[in-house]
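Hi,

Here is the structure I promised to pass on. Please open it alongside this note; what I found follows below.

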Amino acid sequence: MSKEWPLWEVFIRGQHGLSHRHVGSLHAPDAEMAIKNARDVYTRRNEGQSIWVVEARHITASSPSEKGPLYEPSESKVYRHPTFFDIPDDVGAM
Amino acid sequence: MYAQMVKSTGKGVKSRDEMSPEEAAFQDRIDADIKIEPKDWMPDGYRKTLIRQIGQHAHSEIVGQLPEGNWITRAPTLERKAILLAKVQDEAGHGLYLYCAAETLGVSRDDLTEQLLDGRMKYSSIFNYPTLNWADIGAVGWLVDGAAIMNQVPLQRTSYGPYSRAMIRICKEESFHQRQGYDIMMKMAQGTEAQRRMAQDALNRFWYPSLMMFGPSDKDSVHSAQSLAWKIKIDTNDELRQKFVDQTVPQAEYLGLTIPDDNLAWNEEKGGHDFSEPDWSEFFDVVKGNGPCNKDRLDARNKAWEDGAWVREGLLAHAEKRAARKTAAE
C-alpha cells in the first residue's frame with residue numbers, strides 16, 4: 001500500500017475543567033477511528049474527559065521567523081501585569 | 001539504551017570558525033537550552049541523526065512487544081496476564097509517540113516501518129534474546145526497562161522539542177514497567193526453590209545483554225561527540241552503564257540473587273562498582289543479525305505488516321467512500 005492514513009492531532013480535556021490540551025498525534029483513516037485510537041493511546045490512565053481530533057493538514061501554524069513581529073511588542077508592555085502597580089498594604093487584598 | 005551506535009555526521013564537531021552563521025546561531029540556541037521545534041532551521045546532519053535515533057528507538061518499542069507478548073497466554077494468573085497486557089499495550093503507545101516525533105522531521109511512518117522490515121534500520125540488540133521462563137518477564141521489566149529508563153530520563157532534556165515531549169510521556173509510564181518486573185522477581189525469589197532458581201537463571205541470562213543495551217564505550221566516538229554537542233545524547237554510554245550497575249546491585253542483593261560477575265566489587269575511590277564488560281564480539285554479532293531471535297523478530301514484524309495490509313487498505317477505502325458520499329449529499 002502506498003497511501004498512508006492521514007495524520008491527526010489529538011487534544012484532550014482533563015478532569016479539572018481545564019481547556020483541551022494538545023497531547024500528540026496519530027494516524028487514522030477517518031475522524032471516528034481517530035477518536036477511538038486516541039482513546040486507546042492517550043487516555044489509558046484516566047487522563048481525559050473529552051477528546052478532540054483534527055486532521056493535521058487543517059492546522060495553520062505561525063512561522064518561527066515571525067517570532068519578532070508577533071511577540072516582541074508585548075515585551076515592553078509591563079503595565080499589562082498586575083504587579084506593575086504598587087498598591088499600599090493598608091488598602092488590603094486587591 | 002533503546003538506540004545503540006546511532007551514526008551522526010561522522011565528521012566530528014565543527015569548531016565555531018567552521019560554522020556558518022546559521023549553524024552558529026543554531027548551536028547557540030542548543031547551548032542556551034532553547035528547544036528546537038519542527039519548523040525551525042536545523043543542520044541537515046542534526047535532522048538525519050535524529051531520524052536515525054528516534055526511528056531506532058521507536059522500532060525498539062515495537063519489536064520489544066514480541067518477547068513479552070510471548071508470555072501473555074502463559075502468565076501464571078489472570079491478574080498477571082492483565083498487567084502484562086497493559087504493559088505490552090504501553091510499548092505500542094511508546095512506539096507511536098516516537099514515530100510521531102520522527103514524522104515531524106519530514107519522514108513518513110510507512111517509510112520508517114519499511115526500513116525496519118527490510119533491515120536498513122535497527123532496533124535494540126536486547127530484543128533478539130528469547131524469554132524462556134516466566135521469571136524472564138520479571139527480568140525484562142526490572143533490567144531491560146530499568147536500563148531504558150536510565151537512558152530516557154536524561155533524554156527528557158534533549159534539544160528537539162517533539163522528542164523531549166515524547167520522552168516525558170514515556171518516562172511517566174515506564175516506571176510502572178520496571179516496578180511490575182521487580183514485583184515478579186520478588187515473588188519468584190521468595191518462592192519455592194525451583195522458582196528461586198528460575199529467577200537466578202533469568203538474571204544470569206539477561207545481565208550482560210542488559211549492559212550491552214548502552215552500547216560499546218563511545219568516549220572516542222566522533223558520532224557520539226556530535227550527538228552530545230547537539231544534546232541529542234546527554235550522557236556517554238559508559239556513564240549510563242556505570243549508573244545502571246550501581247543502581248541494580250543493591251536491588252539484586254535485596255532479592256538474594258547473585259549478579260553473574262566475579263569481578264563485581266565496590267570501588268571506594270571512584271564511588272562506584274567495578275564490573276566486567278560484556279562480550280562485545282557477541283554484541284556485534286547480534287547487531288549483525290546473528291542473535292538467537294533476530295530472524296523470528298523480523299519475520300513476526302513482516303508477517304504483521306503483510307497480514308494487516310487489507311485492514312489498512314479497507315479502512316481507507318471505506319473512509320474515502322463515506323467522504324465522497326457526504327460531499328455528494330451537500
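Start with helix α13 of chain B, residues 309-329; keep in mind that this is a predicted model. The helix has 21 residues. From first C-alpha to last, α13(B) reaches 30 Å, close to the 30 Å expected at 1.5 Å a residue.

Which residues of α13(B) are buried? They are B:A309, B:R312, B:L316 and B:A319. These four cover an arc of only 115° around the axis, which puts them on the same side of α13(B). The spacing fits the general rule: an α-helix has 3.6 residues a turn, so residues three or four places apart point the same way.

What do the buried residues pack against? Their partner is α12 (294-307), also of chain B. The other side of α13(B) has exposed residues: B:W310, B:K321, B:R325, B:A328 and B:A329.

Now the cavities. A search of the whole structure turns up 4 of them at 30 Å³ or more. The largest holds about 50 Å³ of space. Its lining includes B:Y2, B:S60, B:E61, B:K87, B:E91 and B:F127. B:G64, B:E68, B:V140, B:V144 and B:D145 line the largest cavity too.

Three elements of chain B give two or more residues to that lining: α2 (44-63), α4 (78-103) and α6 (134-155). The largest share, 3 residues, comes from α6(B). By class, the lining of the largest cavity has 5 charged, 4 nonpolar and 2 polar residues.

Best wishes

Technical notes: Residues numbered from 1 in each chain as written. Chains lettered and ligands numbered in written order. Predicted model: local features only at pLDDT ≥ 70, side-chain atom pairs only at ≥ 80, totals over all residues. Heavy atoms only, no water. Expected span 1.5 Å × (residues − 1). Buried < 20%, exposed > 50% of the residue type's maximum accessible area, 1.4 Å probe, protein only. Arc of directions from axis to C-beta. Contact = heavy atoms within 4.5 Å. 1 Å grid on protein atoms, 1.4 Å probe; cavity = no way out; pocket = protein on both sides within 12 Å on 5 of 7 lines; lining within 4 Å. Points joined across faces, edges and corners; volume = space filled by probe spheres on them. Nonpolar A, V, L, I, M, F, W, Y, C, P; charged D, E, K, R; others polar.
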